[in-house]
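Student: Please take a close look at one part of this model, the strand pairing towards the end of the chain. Then connect it to the helices and to any unusual backbone geometry.

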Amino acid sequence: MAINEMMSDSVLIIDFGSQVTQLIARRVRESGVYCEVQPFNKVTGESLKVFAPRAIIMSGGPASVLDIDTPRAAEEVFALGVPVLGICYGQQTMVEQLGGEVQTSDHREFGRAMVNVTEACALFDGIWRLGTEEEVWMSHGDRVVRLPDGFRVVGTSEGAPYAAIADEDRRFYAVQFHPEVVHTPNGAALLRNFTHGVAGCRGDWTMAAFREQEIAKVREKVGNGRVICGLSGGVDSSVVAVLLHEAIGDQLTCVFVDTGMMRLGEADDVVGLFRDHYNISLVHRDAGDMFLGKLEGIKDPEQKRKIIGGTFIDVFEEEARNVGGADFLAQGTLYPDVIESVSFRGGPSVTIKSHHNVGGLPERMNLELVEPLRELFKDEVRKLGRELGLPESFVGRHPFPGPGLAIRMPGDITREKLDILRKADAIYLQEIRNAGLYDKIWQAFAVLLPVQTVGVMGDSRTYDSVCALRAVSSTDGMTADFFHYDMEFLGRAANRIINEVRGINRVVYDITSKPPGTIEWE
């Protein structure tokens, strides 16, 4: 049974390649409505019948409707009889496909802009009043210059005479600005007006409902088969393990692979939780020699990820044979992992980097994947973990990548460097906890740089490594800002690392946001 068959309401988001399409999904889910993102070229009349959305939102995108062979919505979208909201490119293709006109404009709008509310409409109810000027976020070059029959203009801006339009008989709405981004202050409320007010969605999607739906889906998919779960000790795989154990019980075996690139004390924490607290069948495999052997001399981060992904599968397949055979491999893959690794469901977005559990899987893998969190954001996974009763000490943990410290060590990987990084990272996190900052930070970690600098310790010259500290604030990991420590904290943490970790004589702090950087260094 498809997940939307168990939902009272579902919204379909058609992706035209915008880098912020996932933010539309976040805003819709935050209002209690389940939604899925599907690329424009996968949305057909048949798929619309299967998904049966209560409403459709069309995203922005980098293309121009004026070019040949640029993305278009399936004609069935406009014949389905459900409300449709077009955003930016979504507005332009809606207008063009329904008989209006779009042109390239000399007056482009990028960034903050003001929309004049010229007429009332259901999209604005209780939020924007007639005659007011409202702040929005724009990012467009083309603009609508003639409306299709049935539409009226309800908002204008300096660069977009049709900044907001409405055909309320057909319940079609479109805006040139981006309501999904935080820079449009009332954007989330406008989207809620569309999903709840126009489309009549009840907003009753909860983590409790998701839990029951995913348990049902797992039971249907797995049947009597056996599942092994790759357990890293992070939030994602821990939630997957507990969810699967609730769904299929003894058909699940968790495999915790110690790659030799884990944080200090990681193995003891993970084994203790799952063997003692949950009584889940757990295999603890020390495979450090295998991983480090295959990574010897490898410096390219994409190669590292693919080697680690392939080696994980080697170990899982071996352990599957040892437990009498397994049919499925369960992973803690999340929506941001998929977005950054590959175009989600074949869509047009750009690959940023491969995640070991997405882009790094070898084609010859003999196990079918079970990924119950694949369409969740990180904060949603934490909510699910609490729903499942996981201890807050695990649910609230900062994200830790599957490849472990390998991607926090640019350059080649050695046991000596791993030991140095492990100690520095442990001190850094301890200082964060001592300062009461851990729960205010999305993710924090140390990075060992492939750079050596001259230092003076006592009366002696040193020539040791540089350690970079990283900490970010974020909601979902898709965008992030560097955490604004006070200098006293940074000085204290750096002083401890330099004094207590032999091999480091300089500490720097990374103040790069995402974008343009990623959260991890590799």
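Tutor: Start with one bridge: Ser473 has Asp481 as its bridge partner in E17. The model is predicted, so read every value below as computed from that prediction. Strand E17 covers residues 481-482. E17 and E16 run antiparallel, joined by 2 bridges.

E16 has further partners. Strand E15 (residues 443-457) pairs with E16 (residues 460-473) in the antiparallel sense, over 12 bridges. One of the pairs is Gln443 with Val472, the latter in E16. The link between E15 and E16 is a hairpin, with 2 residues between the strands. Gly458 sits in that turn, and its phi is positive, about 70°.

E18 also pairs with E16. Here the strands run parallel, joined by 5 bridges. Ser465 stands opposite Ile504, which belongs to E18. E16 therefore has antiparallel bridges to E15, antiparallel bridges to E17 and parallel bridges to E18.

Now follow the chain past E18. That strand spans 504-509, and Pro515 lies in the segment after it. Lys514 and Pro515 are joined by a cis peptide bond, with omega about -15°. The next bond is cis as well: from Pro515 to Pro516, omega is near 15°. Pro516, too, is in the segment after E18. Most residues other than glycine have a negative phi, and most peptide bonds are trans.

Positive phi turns up elsewhere, too. Ala52 is not a glycine, yet its phi is positive, about 50°. Its place is the loop between helix H2 (45-51) and strand E3 (55-58). Ala52 is exposed, because its relative accessible area of 51% is over the 50% cut-off. Asp69 is another non-glycine with a positive phi, about 65°. It lies in the loop between E3 and helix H3 (76-79). Asp69 is exposed too, at a relative accessible area of 77%.

Turn to the helices. H7 runs over residues 235-248, which makes 14 residues. At 1.5 Å a residue it should span 20 Å, and its end C-alpha atoms are 20 Å apart, so the two values agree. Of the 14 residues, 12 are buried, so H7 is largely enclosed by the rest of the structure. Among the buried residues are Val235, Asp236, Val239, Val240, Leu243, Leu244 and Ile248. Gly249 follows the helix, with a positive phi near 55°.

H6 is the helix at residues 207-222. It has 16 residues and reaches 22 Å from first C-alpha to last, close to the expected 22 Å. Its buried residues are Met207, Phe210, Arg211, Gln213, Glu214, Ile215, Val218 and Val222. An α-helix has 3.6 residues a turn, so residues three or four places apart point the same way. The buried residues of H6 pack against H7 and helix H12 (378-388). They also pack against three strands: E10 (227-231), E13 (328-330) and E14 (368-370). After H6 comes Gly223, where phi is positive, near 60°.

Arg397 gives another view of H7. This arginine lies in the loop between helix H13 (392-395) and helix H14 (415-434). It is a loop residue, but it is buried, with a relative accessible area of 11%. Residues up to four places away in sequence aside, Arg397 touches Val235, which is one of the buried residues of H7. Its other contacts are Gly233, Arg263, Glu266, Arg382 and Tyr438.

Last, look at Ala113, in strand E5 (residues 101-117). At 10% relative accessibility it counts as buried, because the cut-off is under 20%. Beyond its neighbours within four places in sequence, Ala113 is in contact with Glu134, Glu135, Val136 and Met138. Ala113 and Glu158 are 45 residues apart in sequence, while their C-alpha atoms are 8.0 Å apart in space.

Back to the part you asked about. Trace E15 into E16 through the hairpin. Then find E18 beside E16, in the parallel sense. Continue after E18 to the cis bond between Lys514 and Pro515, and on to the cis bond between Pro515 and Pro516.

Definitions and conventions
Residues numbered from 1 in each chain as written. Predicted model: local features only at pLDDT ≥ 70, side-chain atom pairs only at ≥ 80, totals over all residues. Heavy atoms only, no water. Helix = DSSP H or I, 4+ residues; strand = E, 2+ residues; numbered from the N terminus. Expected span 1.5 Å × (residues − 1). Buried < 20%, exposed > 50% of the residue type's maximum accessible area, 1.4 Å probe, protein only. Contact = heavy atoms within 4.5 Å. Pairing = 2+ DSSP bridges.
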